[in-house]
Amino acid sequence: MPALIIKNGRVIDPASGYDGVADVWIEDGVVKGVGAGLTAHGANVFDATDLIVAPGFIDMHVHLREPGFEHAETIESGSRAAAAGGFTSICPMPNTSPVNDSATVTSYIAEKARRHAIVNVFPIGAITKGSAGEELAAIGSMKQAGAVAISDDGRPVMNARVMRRAMECALSFGLPVINHCEDLHLSAGGDMHEGLESVRLGLRGIPGVSEEVMVARDILLAELTGARYHVAHISSRHSVEMVAFAKARGLSVTAEATPHHFTLADTDMLPYDSNYKMKPPLRSISDVEMVIEGVVNGAIDAIATDHAPHAGSEKMQEFEQCPFGILGLETAIGLTLERLFHNGRIALPHFVRLFTANPARILNLHRPDSGPARGTLAQGAAGDVTIFSTGREWIYDVNKSFSKSRNSPFHGNKFRGGPVATVVGGEIVWQA
Amino acid sequence: MAGLLGTEHLTRAEIGAILDRARDFQPGPGQSFKRFDLLRGRTVVNLFFEASTRTRTSFEIAAKRLGADAVSITAQASSVSKGESLVDTLNTLGAMRPDAIIMRHAASGAPHFLQRHLGIPIINAGDGTHEHPTQALLDARTILDRGKKLEGARVAIIGDIAHSRVARSNIYLLSKFGSQIVLCGPAALLPRELAHLAPGVTLTTSMDEAIRDADVIMMLRVQLERQHEAAFPAGEYYQFYGLRLEHLKLAKYDAIVMHPGPINRGREISSEVADSQRSAILNQVENGISVRMAVLERVLGGGNGVNPSGGEAHAGASH
């Protein structure tokens with residue numbers, strides 16, 4: 001493959017602190033250098049004038065539905081949606097069928113990705129067998145097969161003792177534990193955030209406290225065990241406050257937020273439209289404000305999409321029958337620019353860090369056991385680059401999505417800024 | 001051509017027009033209901049996914065009295081969910097071109113969801129724990145018929161408010177007319193957010209407090225099928241939230257007692273109260289027909305110029 005030189009963009013690499021107009025030279029799949037007036041013999045050139053050139057964006061929380069639910073998404077289709085959203089690396093959660101709770105399934109996903117995915121795929125293994133919350137999964141073997149974290153995502157470990165053992169096990173293998181925090185007894189039967197809107201619509205509520213009690217439990221267990229612990233898709237005010245508290249105590253506690261949780265509140269829902277149904281649910285305006293505040297003040301480390309495709313027929317039902325989750329990969333950059341950058345809440349280096357250096361650090365992709373580093377454009381790092389614009393106006397048409405599913409509340413949304421080109425291992429895999 | 005999904009988004013004038021028109025359809029004292037040909041040649045489908053006797057029958061009679069053809073289908077939601085989806089069922093019915101679909105469903109918002117995908121007006125005959133607009137309309141008609149005004153009336157609604165579509169529709173309707181609405185029930189069935197649902201709503205867990213000086217006492221059925229857990233100690237409900245004769249002493253001397261039915265004697269209301277002079281329960285049932293006639297006429301457009309009785313407006317709003 002010929003070298004690629006990305007010319008004249010504003011290169012922002014928070015991991016190395018670099019921010020300036022420069023060229024990026026990629027050859028043999030890795031970054032060879034960043035600087036002015038770079039040339040390489042026979043290189044392809046991409047003109048990035050007026051664009052931002054960043055390390056490849058990492059989405060540490062997606063659902064690719066393969067194996068088992070290929071009618072909704074596949075590793076290939078999900079990877080194409082990721083590329084079109086500006087992501088060069090994605091981490092699929094283990095709630096496939098079968099559940100990714102063994103090295104066999106992890107290897108299957110890794111192999112499928114190697115053959116069919118156009119971006120890097122780093123699987124997340126289950127915490128417990130079948131994500132049933134009882135017996136620990138084959139955590140060490142999954143790590144050897146390529147898993148970068150463990151999580152029972154949609155089926156949180158309810159038993160605190162099992163969670164403790166999982167943290168201890170993950171610690172010994174150097175893996176973070178990611179939890180979808182939801183006390184299933186408190187949330188049982190709920191379809192949306194518990195509050196005035198749920199009362200008004202006559203829908204059963206998922207109280208904010210169902211998330212918060214588990215965040216509290218897990219932070220205490222993380223302190224007890226010393227494990228690296230990460231809160232998935234944080235959505236409620238007190239959860240954000242508790243993560244800040246944990247960080248202040250010096251614990252290895254991190255958190256991610258999804259664009260929809262800092263964009264929409266329960267009052268923004270189109271009533272009974274399942275494109276607004278997800279877990280955690282869209283919460284109150286006060287919660288949304290706190291999630292934004294958490295990103296701004298650093299309590300929240302990363303932005304992840306929780307990309308959750310569901311086939312049309314599954315989402316065309318009575319609200320209470322519909323599955324939880326919405327698409328996220330293709331709208332993440334646009335929404336985050338809209339909600340956090342254009343209004344001046346965060347500067348561009350911070351914006352880039354949320355998608356690159358921070359998720360890379362959480363997943364140990366910044367200095368992996370094997371292969372090049374991710375989340376940085378340092379010399380020798382993977383040749384993964386996200387090129388985006390902060391000004392290009394575009395309209396999201398979900399019917400043109402690369403995903404196999406169409407469940408997004410952002411169809412028709414007008415965006416200012418978004419991905420322009422996605423480079424994986426020195427190859428342009430998608431271009432606007 | 002809009003259907004009727006709830007009272008929340010109706011205006012006071014629209015409600016007034018329906019209540020006035022319902023009066024035109026009421027039989028005079030000692031008379032039986034008259035038939036009208038206002039909706040001749042129209043077809044309405046009664047599609048009930050939940051068991052119901054009175055509401056379904058009431059709609060059916062209302063449609064027939066207006067000269068419309070009424071077809072009733074009882075589809076148990078469970079058997080439908082095993083096979084055809086709700087959307088497919090409705091699309092199939094829609095292809096037969098009825099003029100309106102009257103629908104009851106156990107899922108909140110089911111008619112709202114369908115209305116977005118179906119070009120036929122839907123009349124909501126009760127959706128889950130959300131709304132039951134014709135019940136609130138017939139309740140308002142009944143209050144007016146008993147010589148009370150909605151403006152300033154103190155209305156106590158007592159029972160499982162959390163799971164009650166009757167309560168929600170009544171709250172929205174009564175609030176638009178300036179009633180004082182006191183909601184009462186055990187705390188687990190009385191979410192605090194209810195106080196912000198509409199102007200004029202207050203909450204109490206005390207039955208005595210709710211009933212004191214009330215003009216109207218609306219009792220709700222204890223809906224065991226919608227409670228997914230024991231939200232109140234078993235066996236204590238009637239003792240603390242059942243309406244008995246001694247409670248009526250706290251209310252206004254001419255207070256009326258209402259219940260959307262079916263009543264559970266000895267669970268939320270005593271037989272003595274249900275059968276007393278204060279009880280308007282059978283008036284509610286009777287008004288169900290005239291109010292639903294007015295709703296059907298409004299939704300289906302009627303409009304062939306026939307004035308059934310030359311009746312005048314009584315609820316304070318124009319037609």
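Begin by selecting A:Asn364, which lies in the loop between helix H13 (357–362) and strand E17 (385–395) of chain A, where helices (H or I, at least four residues) and strands (E, at least two) are DSSP runs numbered from the N terminus. The phi of A:Asn364 is near 60°, a positive value in a residue other than glycine. A:Asn364 is partly exposed because it has 16 other C-beta atoms within 10 Å; a residue is buried if 20 or more other C-beta atoms lie within 10 Å of its own, exposed if 12 or fewer, and partly exposed in between, with C-beta atoms placed from the backbone.

Before going on, note that this is a predicted model, in which local features need pLDDT of at least 70 and side-chain atom pairs count only at pLDDT 80 or more, while totals for chains, interfaces and linings use all residues. Residues are numbered from 1 along each chain as its sequence is written, and chains are lettered from A and ligands numbered from 1 in the order in which they are written.

Next, select the loop between strand E6 (57–62) and helix H1 (75–84) of chain A, where A:Pro67 is found. The peptide bond from A:Glu66 to A:Pro67 is cis, with omega near 5°. A:Arg65 has its place in the loop between E6 and H1 of chain A, and its phi, near 65°, is positive although the residue is not glycine. Is A:Arg65 buried or exposed? A:Arg65 counts as buried, because it has 27 C-beta neighbours inside 10 Å.

Another cis peptide bond runs from A:Lys279 to A:Pro280, with omega near -10°, and A:Pro280 can be found in the loop between strand E15 (253–257) and helix H9 (285–297) of chain A.

Now show the whole of chain A, which has 13 helices and 19 strands, and whose C-alpha trace spans about 65 × 45 × 45 Å along its principal axes. Of the 432 residues of chain A, 60% count as buried. The radius of gyration of chain A is 20 Å, which agrees with the value near 22 Å for a compact globule with 432 residues; this radius is taken over C-alpha atoms, and the globule rule is 2.2 Å times the number of residues to the power 0.38.

Turn then to the place where the chains meet: 20 residues of chain B are in contact with 16 residues of chain A, two residues being in contact if their C-beta atoms, placed from the backbone, lie within 7 Å. On the side of chain B that touches chain A, helix H4 (86–95), helix H5 (110–115) and helix H7 (165–176) each supply at least two residues, and H5(B) gives the most, with 3 residues.

Within chain B, colour domain 1 (12–131 + 283–300) and domain 2 (147–279) separately; these bounds come from an automatic or database domain assignment. The C-alpha centres of domain 1 of chain B and domain 2 of chain B lie 26 Å apart, and 11 residues of domain 1 of chain B are in contact with 11 residues of domain 2 of chain B.

Finally, select helix H6 (residues 133–145) of chain B, whose end C-alpha atoms are 18 Å apart, in agreement with the 18 Å that its 13 residues should span at 1.5 Å a residue; the expected span is 1.5 Å times one less than the number of residues. H6(B) is mostly covered, with 13 of its 13 residues buried, and H6(B) is followed by B:Gly147, whose phi is positive, near 85°.
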